[in-house]
Amino acid sequence: MADSLSPEAVDRYVEGRFGRPYTYLESCVSTQFLFDDDAPEGAVAACDEQTAGRGRYGRVWEAPAGTALLCSIILHPPPDLHAPELTLVGAIAAAEAVEGATGLTAQIKWPNDVMLNRRKVGGVLGELRDGVVTLGIGINVNQTREQLPADSRTPPASLRTITGSTFDRAALLGSLLFRLERAYDEWRHGGLAEVFVEIGPRDFLRGRTVTVDGRSGVAVGIDREGRLELEVGQRERVALESGEVAYER
Ligand code: BTN
């Protein structure tokens, strides 16, 4: 039986504030573009297929129709908090939702990838405009190996290719929204320090040799400001705000 992200299928899994109002289209350009300017916090848009799904650095995010969880959530963060941290907050929620579905431990690859068995199963894209964040989350759910992108920089996987099982995307969306709401409320209360306990143990890059925008070193890990700390020399440490990571496997 094919699963569905229709409002009827999703409604019974929406437990909190996030998920209402809910917009669903079978096909759209990108769920990032499905909101009115006055969309309230917690508004969610989802679809079965994106014709120009957006990834970081202007990349495309591709998934065959009906196979992935593709959604965006509107957030109105307080102006005194650092909104770019919401990418990590989204990654925590996505990792937790993946763990809840699969029973496996997921990791977070700074700053926005969700990893399972050393492969990328999800990504988060935070876009800030006029104080409002549109947080886009994509999770590879039911793709077969052949349906995954071939030219990814990080080896891709879906929950199906890792576990051999298929998953109900509506239930996964409900779980994701519930966990995002909780992590977001904690972040609102005390910033990244409040949710750091969920990041540290899942830090995929910690201890790996990495190159970030041409700068190489050993990753010490994600710090409490959401930066990637790198050991670049005998005693020199740098903390990077953002960047493209290449890592040794
Ligand atoms: C990345 O890893 O580069 C981030 C990918 C984010 C993809 C999701 S899919 C739902 C939402 N709509 C988009 O166009 N992008 C995000």
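The dialogue below reads strand faces, strand pairing and cysteine geometry in a predicted model.

User: How should the two sides of a strand be read, and which residues form the covered and uncovered faces of strand S11?

Analyst: One sorts the residues of the strand by side and then asks whether each side is covered. In strand S11, residues 237-240, Val238 and Leu240 make up the covered face, while Arg237 and Ala239 make up the uncovered one.

User: Are the faces of strand S5 covered or uncovered?

Analyst: Strand S5, residues 113-116, is covered on both faces. Asp113 and Met115 lie on one side, Val114 and Leu116 on the other, and all of them are buried.

User: Turning to pairing, how many bridges join strand S10 to S11, and do the two run parallel or antiparallel?

Analyst: Pairing is read from the bridges, then from the strand directions, and then from the connection. Strand S10, residues 228-231, is joined to S11 by 4 bridges, and the two run antiparallel. The connection is a hairpin through 5 residues. As an individual contact in this pair, Glu231 has Arg237 of S11 as its bridge partner; Arg237 also belongs to the uncovered face of S11.

User: Which strands pair with S5?

Analyst: Strand S4, residues 106-109, is joined to S5 by 4 bridges in an antiparallel arrangement. Strand S6, residues 119-129, is likewise antiparallel to S5, with 4 bridges between them.

User: Which residues of S4 and S6 stand opposite Met115 and Val114?

Analyst: Gln107 stands opposite Met115, and Gly122 in S6 stands opposite Val114. Both Met115 and Val114 are buried, on opposite sides of S5.

User: How many residues connect S5 to each of these neighbours?

Analyst: The hairpin from S4 to S5 passes through 3 residues. The hairpin formed by S5 and S6 has 2 residues between the strands. In that turn, Asn117 has a positive phi of about 50°.

User: Finally, how are cysteines to be read, and how many disulfides does the structure hold?

Analyst: One checks the distance between sulfur atoms against a cut-off. The structure holds 0 disulfides.

User: Why do Cys28 and Cys47 not form one?

Analyst: The cysteine sulfur closest to that of Cys28 belongs to Cys47, and the separation of 3.6 Å is too far for a bond. A disulfide requires the sulfur atoms to be within 2.5 Å. Seen from Cys47, the closest cysteine sulfur is that of Cys28, again at 3.6 Å.

User: Are these two cysteines buried or exposed?

Analyst: Cys28 counts as buried because its relative accessibility is 6%. Cys47 also counts as buried, with a relative accessibility of 0%. The cut-off for buried is under 20%.

Note on methods
Residues numbered from 1 in each chain as written. Predicted model: local features only at pLDDT ≥ 70, side-chain atom pairs only at ≥ 80, totals over all residues. Heavy atoms only, no water. Buried < 20%, exposed > 50% of the residue type's maximum accessible area, 1.4 Å probe, protein only. Pairing = 2+ DSSP bridges.
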